[in-house]
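Reader: Hi! I'm new to looking at protein structures and could use a guide. Could you walk me through this one?

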Amino acid sequence: MMKVGLASSLHLNHGGMTLQTAPGDPPPMQNFVPVGLLSLKAAADAAGVPADIRVVETNQLLLDKEVANDDTLYDSLAEAVLGAGDSLVGLMTDADSLVHTVLLGQALRRRSPGTRICLGGPAVTPMSETFLERFPWADFVVRGEGEHTFNELLECLYADRDPTGVLGLTHRRGGTVVRNDDRPLVRDLAELPWPAYYAYDMSRGARLYLDIGRGCPFRCSFCATAPFWERKYRMRPVDDIIRQMEYVRDAFGRTSINFSHDIFTCDRPWAHRFCDALIARDLGVTWGCSTRTDLIDAPLLEKMSAAGCDEIYYGIESGAPEMQRWIRKNLDLDRSLEVVRETKAAGIRPVTGFIIGYPAETRETLGQTLGRFFQFLEEGQGRSQLFTLVPLHQSPLFRQYESSLDRPAEYYDIPVAESRMAQIQQYRREHKDLFCTDYRFATPELDEALVDAAEELSGHVVVLASLWPHLLAHYDSPLDWYERWVPWIAAYNARHAPGTRFPHQCEARDLLVFASEEIRRLGIEHSRAAALVRYEMLRLDAAALPPVTPVVPAAPASTVDLDSRLRAGDYLSAEFPYDLQEILRGGDGPAGPPVNGGSYVVTRRTSADTIETLQLGPASRGLLERADGRSTAREIITAALADEARADPESALDRGLELVRSLAGRGLLLTASPNGPAAPPVNGSSAKGSAANGAKG
């Protein structure tokens, strides 16, 4: 029996929904269940192909620190991917990380010269012949839909037969690269077995995307998905999908999944049948999907919500009607906004995506897209993304504008060692046609800096979502704000981070520094926007703190009594002239400071990626500030509620003890050792999370 290893591609979380945990940290790598590779294994196992296939998720190796991200990265990955006696290694390809796959392939060849190397996936399918001609270490490319092609290739290799008859395969014959005829798509996806989940450690918590269908019938000019699937649209049978959902729930405890199909509601009657069946089965599994805003309505949204849908991604692509026509998306943008509202009303999280940097982009269309982006960001309650256009080989637009690729993209790459990055940049220059996704199209009617500055911006904008409705109200338009931001961040990086960033890369903190300068320039130091800038800086500061780990564990709130000695937990605090809870709930707030004198906000890091923000009343604040580790609850309450205690001591103690227990339940007050030293709270700032209802009093 042949031994075969399959490895995923390295990948980052671009575009932005993940918060950096500390200033200067690179964006995190994602881990996901490699469903495509598991599907190849399942198809081979089901067909009885004589191959022992194992699947390796390369990102997981880095996340688990089983492979060090140093000068030996690719050799270490090759060692982890290769098994003793492997006849073949298959590498999945992704456009954003293709250069890393090339370096891994080279390392595999050095380490095991006799092992054949096969690649597959959307990145190499449209350029399979050129790829094999350019990189002699690669032996095969499986084009397009891979299950049957890969099976037949394995059978040929096992029998030592020439693979000339294998449809969908590009390979070498002697010194010549041969492209076999295309393979027809699988007509009925029910013919394919479920992915071989049993071959992967599903307990690691990687995100799971179920392959419920393939293909897209639309003709958007920037997209490669529809050409890859020949503009055909196929779905697995409803019962087949639901049984697979039950299986991953029962076998692996997966109660939250995603569907990988681009247009879940392309066939609306099918979507209704699917939701009806899910509602009847009541699986207890939530799911997310993607679709177009012109292929969904309120009744279907309500049914999807009842069936467990909790998130929908809508690709809007441009906020300019002119560009909607130019890219052949043709969405009604007002209707798209209404769909976002209907999605929220149905209890589903809407996520929207926009793209800038089309070759025909102008300052006017950019301004319209930025305006819609911020509008949808607010309507979607902080769930929107802004991308720059990525050139994809199979997209119609690429064929027309390939020659205009004129500069490297300013996107975050996998943070490899500096020596390796120099080699990567050289490869990108030498093979620009293959690594085209690392470049951006020329925009003759628009300053390229306005495109490049948006490359990784939206992730940081989203983190500060509460700020923009209040700050942008002081500008003529979002474009007015953006055109001030772009030269500012370039100059800021030149002073503070020369050589360590692309000119326009930033962190959320940089946006707040800029906003602070703009607030002074605009003369709005006492505005709600100014208060929110301070609030967001408080949150970012808290993200740099270690998670709360009390030296003496907090007692259960119910066991705290008047004789308990208390100290404050670690937190960051600030006073604000406005009721922040009201502002964060979307209220306009008063024109001046509120009558009650403002608000007192504390933040602390409660876990590796969670920041809790609480707004406290004067009494709770007084209790916290007096909890020095030596005083009892009785002493703290008597001092903090002095006026009440003089009027009615017993009532003051009862109310104070209730507040103390509330704060103890939140971990803000901790029991202290009887003779322990005072432990004053840390005073500073915070990051991720939203204001929650805190103890008021």
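Author: Happy to! Let's start with a hairpin: β6 and β7 form one, with two residues between them. In its turn, Gly174 has a positive phi of about 70°. Keep in mind that this is a predicted model.

Reader: Cool. How many bridges join β6 to β7?

Author: Four bridges join them, and the two strands run antiparallel. β6 covers residues 169–173, while β7 covers residues 176–179.

Reader: And what stands opposite His171?

Author: That would be Val178, in β7.

Reader: Okay, new topic. What order do the strands have in the open sheet of three?

Author: The order is β22-β18-β23, with antiparallel pairing. β22 (628–632) and β23 (669–671) stand at the edges with a single partner strand each, so each has one side without a neighbour in the sheet. On average, neighbouring strands of this sheet are turned by 40° against each other, direction ignored.

Reader: Over how many bridges do β18 and β22 pair?

Author: Over two bridges, in the antiparallel sense. β18 spans residues 565–568. You can also find Arg567 opposite Asp628, which is in β22.

Reader: Which helix lies across β18 and β22?

Author: Helix α24, residues 633–640. This helix runs at about 85° to β22.

Reader: Switching again: how many cavities of 30 Å³ or more does a search of the whole structure find?

Author: Four. The second largest cavity holds about 70 Å³ of space.

Reader: Which helix gives the most to the lining of the second largest cavity?

Author: α4, with three residues. At least two lining residues come from each of α3 (73–81), β3 (88–92) and α4 (98–111). Among the residues lining this second largest cavity are Ala7, Tyr74, Met92 and His100.

Reader: How do the lining residues of that second largest cavity divide into nonpolar, polar and charged?

Author: Seven are nonpolar, five are polar and none is charged.

Reader: Last one, about Arg520. Is Arg520 buried or exposed?

Author: Arg520 has 52% relative accessibility. Exposed means over 50%, so Arg520 counts as exposed. Arg520 lies in helix α20, which spans residues 508–522.

Reader: How far apart are the C-alpha atoms of Arg520 and Ala530?

Author: They are separated by 9.1 Å, and the two residues are ten apart along the chain.

Reader: Thanks, that was really helpful!

Author: You're welcome, and have fun exploring!

Definitions and conventions. Residues are numbered from 1 along each chain as its sequence is written. This is a predicted model: local features need pLDDT of at least 70, side-chain atom pairs count only at pLDDT 80 or more; totals for chains, interfaces and linings use all residues. Side-chain values use heavy atoms; hydrogens and water are left out. Two strands pair if DSSP finds at least two bridges between them. Axes are lines fitted to C-alpha atoms, for helices over the stretch in contact, and angles run from 0 to 180 degrees between N-to-C directions. Contact means heavy atoms within 4.5 Å. On a 1 Å grid over the protein atoms alone, a cavity is a set of points where a 1.4 Å probe fits but cannot get out, and a pocket is an open set with protein on both sides within 12 Å along at least five of seven lines; lining residues have an atom within 4 Å of a point. Grid points are joined across faces, edges and corners, and a volume is the space filled by probe spheres set on the points. Ala, Val, Leu, Ile, Met, Phe, Trp, Tyr, Cys and Pro count as nonpolar, Asp, Glu, Lys and Arg as charged, and the others, Gly among them, as polar. Buried means under 20% relative accessible area, exposed over 50%, partly exposed in between (1.4 Å probe, protein chains only).
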